[in-house]
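Visitor: Please take one part of this protein and look at it closely. I would like the backbone first, then the surroundings.

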Amino acid sequence: MFVPNSFKFDNLSDQVAFMKQYSFATMITAHDNLPLATQLPFFVDDTGDTLLLKSHFAAANEQTKYIEANTSLVIFSEPHAYISPSHYDKTESVPTWDYIAVHVYGKVRIVDDEYTKSAMLEQMIKFYEKDYLKQWENLPEKYRKGMMKGIVAFEMEVSAIQGQKKLSQNKTSAERNRIVQQLEKSEIAVEKDLARYIREIDT
């Protein structure tokens with residue numbers, strides 16, 4: 001990722017918190033010079049010495065054939081918004097886009113054994129909807145096993161992280177304030193989220 005110095009986002013704990021908050025991401029793996037991409041929910045495991053991303057594909061997804069042999073890229077990207085030049089002091093200005101993104105690289109290990117795969121699914125359930133866990137545990141065993149056969153679970157050991165926060169840091173405080181006021185009026189949730197991040201620059 002190209003990251004200008006003024007937009008660097010390289011604090012690891014903040015990057016991990018961002019990935020956990022915006023955990024539905026795009027995983028990209030190349031095969032024969034062709035990038036394959038899938039949108040997936042991730043469980044970000046930072047409890048050990050190595051940062052791990054855990055998720056699962058549908059078993060029929062072709063990308064599963066290549067994820068162990070190649071380095072994959074996972075892109076976490078939210079929130080974002082169009083920024084009008086009407087907020088700037090200078091007439092000689094152009095539109096832009098403010099956003100936050102984290103790119104994560106790593107090698108994947110497919111999880112085959114039933115016990116570990118089940119434990120990974122329980123981690124995902126507890127993270128996304130812990131109240132569903134009881135229902136999952138009470139489903140017929142045959143049904144649960146059938147569901148697990150239909151997925152390819154994996155964990156990705158993170159080898160590199162790049163981050164960018166493009167939040168109008170190159171503009172004046174007054175210009176950012178006008179941007180924030182506009183975004184806070186938006187009915188789009190991610191634009192309101194972006195306003196909060198921009199406001200933090202001047203606090």
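Guide: Start in the loop between β1 (24–31) and β2 (34–41), where Asp 32 sits. This is a predicted model, so every value here is computed from predicted coordinates. Asp 32 is not a glycine, yet its phi is positive, about 55°. That deserves a flag, because most residues other than glycine have a negative phi. Asp 32 is also exposed, at 66% relative accessibility. The cut-off for that label is over 50%, so Asp 32 qualifies.

Now take Ser 168, in the loop between β7 and α5 (173–184). Ser 168 has a positive phi too, about 60°, and is not a glycine either. Its setting is another matter. Ser 168 is buried, with a relative accessible area of 2%. Buried means under 20%, so Ser 168 meets that limit. Put the two loops side by side: Asp 32 counts as exposed, whereas Ser 168 counts as buried.

A further backbone feature concerns a peptide bond. Glu 78 and Pro 79 are joined by a cis bond, with omega about -15°. Pro 79 belongs to strand β5 (residues 71–83). Again there is reason to note it, because most peptide bonds are trans.

Stay with the strands and go to β7 (residues 151–166), which holds Glu 155. Glu 155 has 17% relative accessibility and so counts as buried. What does Glu 155 touch, leaving out residues up to four places away in sequence? One group of partners is Leu 52, Leu 53 and Lys 54. The other partners are Lys 107, Val 108, Arg 109 and Val 111. These contacts fit a wider count. Among contacts between residues at least 6 apart in sequence, 72% join residues at least 24 apart.

Next, the helices. Helix α2 covers residues 114–129, 16 in number. From first C-alpha to last, α2 reaches 22 Å, close to the 22 Å expected at 1.5 Å a residue. Which residues of α2 are buried? They are Lys 117, Ser 118, Met 120, Leu 121, Met 124 and Ile 125. These residues lie on the same side of α2, because they cover an arc of only 160° around the axis. The general rule helps here: an α-helix has 3.6 residues a turn, so residues three or four places apart point the same way.

Helix α3 (residues 133–138) includes Asn 138. Is Asn 138 buried or exposed? Asn 138 is exposed, at 58% relative accessible area. Compare its position with that of Leu 36. The two are 102 residues apart in sequence and 36 Å apart in space, C-alpha to C-alpha.

Finally, step back to the whole chain. The protein has six helices and seven strands. From the N terminus, the order is α-β-β-β-β-β-β-α-α-α-β-α-α. The C-alpha trace spans about 65 × 40 × 30 Å along its principal axes. Of the 203 residues, 40% count as buried; Glu 155 and Ser 168 are among the buried ones. The accessible surface comes to about 11,700 Å², and carbon and sulfur atoms hold 51% of that. Charges complete the picture. There are 24 positive and 29 negative charges, and their mean positions are 2 Å apart.

Key: Residues are numbered from 1 along each chain as its sequence is written. This is a predicted model: local features need pLDDT of at least 70, side-chain atom pairs count only at pLDDT 80 or more; totals for chains, interfaces and linings use all residues. Side-chain values use heavy atoms; hydrogens and water are left out. Helices (H or I, at least four residues) and strands (E, at least two) are DSSP runs, numbered from the N terminus. The expected span of a helix is 1.5 Å times one less than its number of residues. Buried means under 20% relative accessible area, exposed over 50%, partly exposed in between (1.4 Å probe, protein chains only). The arc is that of the directions from the helix axis to the C-beta atoms. Contact means heavy atoms within 4.5 Å. Accessible areas come from the Shrake-Rupley method with a 1.4 Å probe; for residues, only the protein chains shown count as cover. Lys and Arg count as positive and Asp and Glu as negative; His and the chain ends are not counted. The place of a charge is taken as NZ of Lys, CZ of Arg, CG of Asp or CD of Glu.
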